[in-house]
Amino acid sequence: MNKVILAGRLTRDPEMRYSSGETQTSIARYTLAVDRRFRRQGDEQTADFINCVVFGRGAEFAENYLHQGTKIIVEGRIQTGSYTNKEGQRVYTTEVIVE
């Protein structure tokens, strides 16, 4: 089972795109800052920055109602991938596909 639930704040407004082809699908991407549960004594609160992607109506909702600093809860699945950049190096990606 691949399921994740996150609560955090948006680091910036969602970035909106549309897929090409016969049926255009809206795609929103944003980064969620999720505070870590524990912190070391004397250290400031730290956060993890999680890349999120949402499709269709969820993307349209994100575009209309979510803005930088908005606190949200997302549910989805983790997806990994990789690609080769211009320098020929392998880059690995991890993101949450919001459902």
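**Exercise 1. Determine the burial class of Glu95 and describe the surroundings of its side chain.**

*Solution.* Step 1. Glu95 has a relative accessible area of 17%. Buried means under 20% relative accessible area, exposed means over 50%, and partly exposed lies in between, with a 1.4 Å probe and protein chains only. Glu95 is therefore buried.

Step 2. The model is predicted: local features need pLDDT of at least 70, side-chain atom pairs count only at pLDDT 80 or more, and totals for chains, interfaces and linings use all residues. Residues are numbered from 1 along each chain as its sequence is written, and side-chain values use heavy atoms, with hydrogens and water left out.

Step 3. Glu95 belongs to strand 6, residues 90-98. Helices (H or I, at least four residues) and strands (E, at least two) are DSSP runs numbered from the N terminus.

Step 4. With neighbours within four places in sequence set aside, the contacts of Glu95 are Arg29, Asn51, Val53, Arg77, Ile78 and Gln79. Contact means heavy atoms within 4.5 Å.

Step 5. The side chains of Glu95 and Arg29 are joined by a polar contact of 3.1 Å. A polar contact is a pair of N or O atoms within 3.5 Å; within protein, one must be able to donate a hydrogen and the other to accept it, and residues adjacent in sequence count only if both atoms are side-chain atoms.

**Exercise 2. State how many salt bridges the whole structure holds, and characterise those of Glu75, Glu15 and Glu99.**

*Solution.* Step 1. The whole structure contains 5 salt bridges. The criterion is a side-chain nitrogen of Lys or Arg within 4 Å of a carboxyl oxygen of Asp or Glu.

Step 2. Glu75 pairs with Lys3 at 2.6 Å, N to O. This pair links distant parts of the chain, 72 residues apart: Glu75 is in strand 5 (residues 71-84), and Lys3 is in the segment before strand 1 (4-10). Glu75 is partly exposed, at 35% relative accessible area.

Step 3. Glu15 and Arg17 form a salt bridge of 3.2 Å, N to O. Glu15 is partly exposed, its relative accessible area being 31%.

Step 4. In the salt bridge between Glu99 and Arg77, the closest N and O atoms are 3.7 Å apart. Because Glu99 lies in the segment after strand 6 and Arg77 in strand 5, the pair ties together parts that are 22 residues apart in sequence. Glu99 is exposed at 65%, whereas Arg77 is partly exposed at 31% relative accessible area.

**Exercise 3. Locate Glu44 and give its separation from Asn85.**

*Solution.* Step 1. Glu44 sits in the loop between strand 3 (26-35) and strand 4 (47-55).

Step 2. A relative accessible area of 68% makes Glu44 exposed.

Step 3. Glu44 and Asn85 are 41 residues apart along the chain, and their C-alpha atoms are separated by 35 Å.

**Exercise 4. Summarise the protein chain as a whole: its elements, dimensions and burial.**

*Solution.* Step 1. The protein chain has 1 helix and 6 strands, in the order β-β-β-β-α-β-β along the sequence.

Step 2. Along the principal axes, its C-alpha atoms fill a box of roughly 55 × 40 × 30 Å.

Step 3. Of its 99 residues, 28% count as buried.

Step 4. Among contacts with a separation of 6 or more, 52% come from residues 24 or more positions apart.
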